[in-house]
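Visitor: I'd like to walk through this one and ask how each label gets earned. Could you show it to me?

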Amino acid sequence: METRGQFKFIVFIISCVLAAPTFANVDRNKLREKYAKPGINDPLLNKSNKYRVKLGKALFFDPRLSGSNWISCATCHNPTMGWSDGLPTAIGEGQKKLARATPTILNSGMGFLQMWDGRFNSLEHQAMGPIQSPGEMNQDPKEIVAELSAIKGYVDMFKDAYPGRGINRDTISLALAAFQRTVVSGEAPFDRWVKGDEEAISDAAKRGFELFEGKGHCATCHAGYNFTDDGFHNIGLNDDDIGRYAVKKLPVLKGAFKTPTLRNVAVTAPYMHNGAYATLEDVIDHYIKGGVNKENLSPNFKQAKLTKYQKQDLLEFLKTLTSEPLDITYPELPYK
Amino acid sequence: MRKIFQFIIVVMVLAFSTSVIAKTHTIFQKDKTFMKKGSKIESISINTGDSVKFTNEDSVFHNIFSQSAINKFNLGAFGNGKSESVTFKKPGKARVECAIHPRMQLEVIVN
């Protein structure tokens, strides 16, 4: 009886050893290099300073930027909801539902092309897009300049931020971009683990990270610190949206959308450009299935053949990418 | 006999001169950048009639294309170890990109 007990104990120990994660010998320096936080590069024509960021922040939270004077940038890019809106697809002018989800603006300053289809090549270029779009904020650019010019507080803020350049579409765009570049992710448990704190994430998350980089094929596109290749891929979602193809008429781009960041991904549900999936579990299931509409799948898309336990590990890893929220205080908007 | 010899010489000279005039420049795709001789490059200068051979050394697929006025082409998506070539027949500047990874950009200056 005692021998049987000892045998069971030995089997248990062997099982534990076999089940132990294999990342003990992980090359920490390589990891640090791979996941090092990049700096945010301001364009030469819009070097950041406190006046520009302050102005951009006020504009970002100001509903008077919309035609209805009711929708601000922060209505959809809500800092309390991971700089998104928690909705499958955005709601715009007249409470109308839009076709695509609101992407988080977190780390957008690290990105290359902006919007799901990459139609804008910088934050400055992008800023007026949603403001002018009839379906989104529906604002007449001339009206917005007139409205802001009538508010002395704004006139002074523009003078401080962009001396001698007045209030116009350009300076509004520049200020909004300057603020958005300050919206960056903080240190997440994953980052602490990369630095060497073994206790920062669970063993399940460590196994999940191995799957993320290996069998799950996630890191093929979700690469580097911001977990994106800034690229465009058709990942087999079931909708008719042509995505990037509307901007560049190349077959590989039909149904392709920008790879979103995975930083803080656990707090930015629902997921995908069309909000198709309510949870991260649903997202992983999509990859396990190998997509739904497989007509024009990205050549870089690979089915993730994961077991239900591996799926759980991957999920645990994704949760380690959540950092403490930025300490954002709502600005007091100038009224006269 | 003499005429045949002369003909062979002419053919050889022509073949040699063509190979001198039209070169093939090999550009690698590595780490999602364009590389030549192991270094990242953002532009290359070539002569009219030269070809550029794009060789993918990444584990991911790339799709090289250009929508520039002097040479519009789409080489399609190709994976690791594969190559595709394009000839630049008109002088000017062409911006070559990867459709999948738009950070990858190369200016081809055709003299």
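Guide: Sure. One definition up front: buried area is the accessible area, taken with a 1.4 Å probe, that two parts lose on being put together, summed over both. By that yardstick, chain B and chain A bury about 1,400 Å² between them, with 58% of it on carbon and sulfur atoms. Keep in mind that this is a predicted model.

Visitor: What makes up the area on the chain B side?

Guide: B:Ile100, B:Pro102 and B:Arg103 supply 39% of what chain B buries against chain A, more than any other three residues. Counting residues, the contact takes 16 from chain B and 19 from chain A.

Visitor: Why is the pair B:Arg103 and A:Asp230 called a salt bridge?

Guide: The label needs a side-chain nitrogen of Lys or Arg within 4 Å of a carboxyl oxygen of Asp or Glu. B:Arg103 and A:Asp230 meet at 2.8 Å, N to O, so the pair falls inside the 4 Å cut-off. The rule finds two salt bridges across this interface.

Visitor: How many residue pairs are in polar contact across the interface?

Guide: Four, with both residues of each pair at pLDDT 80 or more. As for secondary structure, strand 6 (62-68), strand 7 (71-78) and strand 9 (92-98) of chain B each supply at least two residues of the side that touches chain A. Strand 6 of chain B gives the largest share, three residues. By class, that side of chain B has seven nonpolar, five polar and four charged residues.

Visitor: Over to chain A. Which elements does chain A have?

Guide: Twelve helices and two strands. Along the sequence the pattern reads α-α-α-α-α-α-α-α-α-α-β-β-α-α. The C-alpha trace of chain A spans about 90 × 45 × 35 Å along its principal axes.

Visitor: What share of chain A counts as buried?

Guide: Buried residues make up 49% of the 336 in chain A; the bar for each is under 20% relative accessible area. Also, among contacts in chain A between residues at least 6 apart in sequence, 67% join residues at least 24 apart.

Visitor: How do you know where to be careful with the chain A coordinates?

Guide: Check the pLDDT, the predictor's confidence on a scale from 0 to 100. Chain A has a mean of 93, and 93% of its residues reach 70 or more. Over residues 15-21 of chain A, though, pLDDT stays under 50, and the model has three contacts there beyond four places in sequence. Where pLDDT is low, the predicted coordinates should not be read in detail.

Key. Residues are numbered from 1 along each chain as its sequence is written. Chains are lettered from A and ligands numbered from 1 in the order in which they are written. Side-chain values use heavy atoms; hydrogens and water are left out. Contact means heavy atoms within 4.5 Å. A polar contact is a pair of N or O atoms within 3.5 Å; within protein, one must be able to donate a hydrogen and the other to accept it, and residues adjacent in sequence count only if both atoms are side-chain atoms. Helices (H or I, at least four residues) and strands (E, at least two) are DSSP runs, numbered from the N terminus. Ala, Val, Leu, Ile, Met, Phe, Trp, Tyr, Cys and Pro count as nonpolar, Asp, Glu, Lys and Arg as charged, and the others, Gly among them, as polar. Buried means under 20% relative accessible area, exposed over 50%, partly exposed in between (1.4 Å probe, protein chains only).
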